[in-house]
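Reader: I am new to this structure and would like a close look at a single part of it. Could you take one helix and describe carefully what it packs against and which charged pairs it takes part in?

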Amino acid sequence: MTTSEQLTTGERAELVQTLRRHRGFLRQTTDGLTDEQAATRSTVSELCLGGLVKHVTTVEQRWMRFAVDGAEGMDAEPIDWVGQFRMAEGETLAGLLAEFDRVAAETDALLTTLDLDSAHRLPDRPWFEPGASWTVRRVVLHLIAETAQHAGHADIIRESIDGAKTMG
């Protein structure tokens, strides 16, 4: 079976298609924005559209490292827990979207080869059950939920910037 065939049928295809759909909703919230608008905190929240794209990119990359190499892969690079939600000096929306697309393509490629039933023990964090493991399938479901949740946040932020909505 070719890579494209693996992504056109069955459970794997449905997972990837669903993740792509929610990535698309998130990406759509940034259509036509300037860097200044993408960095704008338009609600009482600390969130901005560029920061959400940056965060979702980081989360997807880290979870796919977990899917491949377990907790060590996820923790291979330090994370800026605050800065990942903001556009830093010199960052552009175009640059953040390019990285978002690059990570998405890497994830899609990995999902053609990874065993969805393969599991790794979760890293030691206060928000994870001690000793619990997640399968690659569960990681993908988590990425879908994470991306969908932040696409909803992004829709509210975008509407408060200029009235544009991704849905409705």
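Author: What follows is a close look at helix α2 and its partners, in a model that is predicted.

Helix α2 spans residues 10–28, and its axis comes within 8 Å of the axis of helix α6, residues 136–162, the two crossing at roughly 20°. Because of that angle, α2 counts as roughly parallel to α6, and the crossing is left-handed. On the α2 side the contact is made by E11, L15, T18, L19, H22, R23, F25, L26 and Q28, while α6 contributes R137, V140, L141, L143, I144, T147, A148, H150, A151, A154 and R158. Sorted by class, the residues of this contact comprise eleven nonpolar, five polar and four charged.

Two of the charged residues in this contact, E11 and R137, also pair with each other: R137 forms a salt bridge with E11, and the closest N and O atoms are 2.5 Å apart. This pair links distant parts of the chain, since R137 belongs to helix α6 and E11 to helix α2, 126 residues apart. R137 is partly exposed, with a relative accessible area of 21%, and E11 is likewise partly exposed, with a relative accessible area of 39%.

A second partner of α2 is helix α5, residues 93–110, whose axis comes within 11 Å of that of α2 and crosses it at roughly 175°. With such an angle, α2 is roughly antiparallel to α5. Here V16, L19, R20, R23, L26 and R27 of α2 meet L97, F100, D101, A104, T107 and D108 of α5, and the contact has six nonpolar, one polar and five charged residues. L19, R23 and L26 of α2 are listed in the contact with α6 and also in the contact with α5.

Within the contact of α2 with α5, D108 forms a salt bridge with R23, the closest N and O atoms being 3.1 Å apart. D108 lies in helix α5 and R23 in helix α2, so this bridge ties together parts of the chain that are 85 residues apart in sequence. Both D108 and R23 are buried, whereas E11 is partly exposed. The bridge between D108 and R23 also has a wider setting, for R20, R23, E60 and D108 are linked in a network of salt bridges. Taken over the structure as a whole, there are 17 salt bridges. As a general point, side chains of opposite charge can pair when their charged atoms come close.

Note on methods:
Residues numbered from 1 in each chain as written. Predicted model: local features only at pLDDT ≥ 70, side-chain atom pairs only at ≥ 80, totals over all residues. Heavy atoms only, no water. Axes fitted to C-alpha atoms, helices over the stretch in contact; angles between N-to-C directions. Helix = DSSP H or I, 4+ residues; strand = E, 2+ residues; numbered from the N terminus. Parallel < 35°, antiparallel > 145°, perpendicular 65-115°, else oblique. Left-handed = near helix turned anticlockwise from the far one by under 90°. Contact = heavy atoms within 4.5 Å. Nonpolar A, V, L, I, M, F, W, Y, C, P; charged D, E, K, R; others polar. Salt bridge = Lys/Arg side-chain N within 4 Å of Asp/Glu carboxyl O. Buried < 20%, exposed > 50% of the residue type's maximum accessible area, 1.4 Å probe, protein only.
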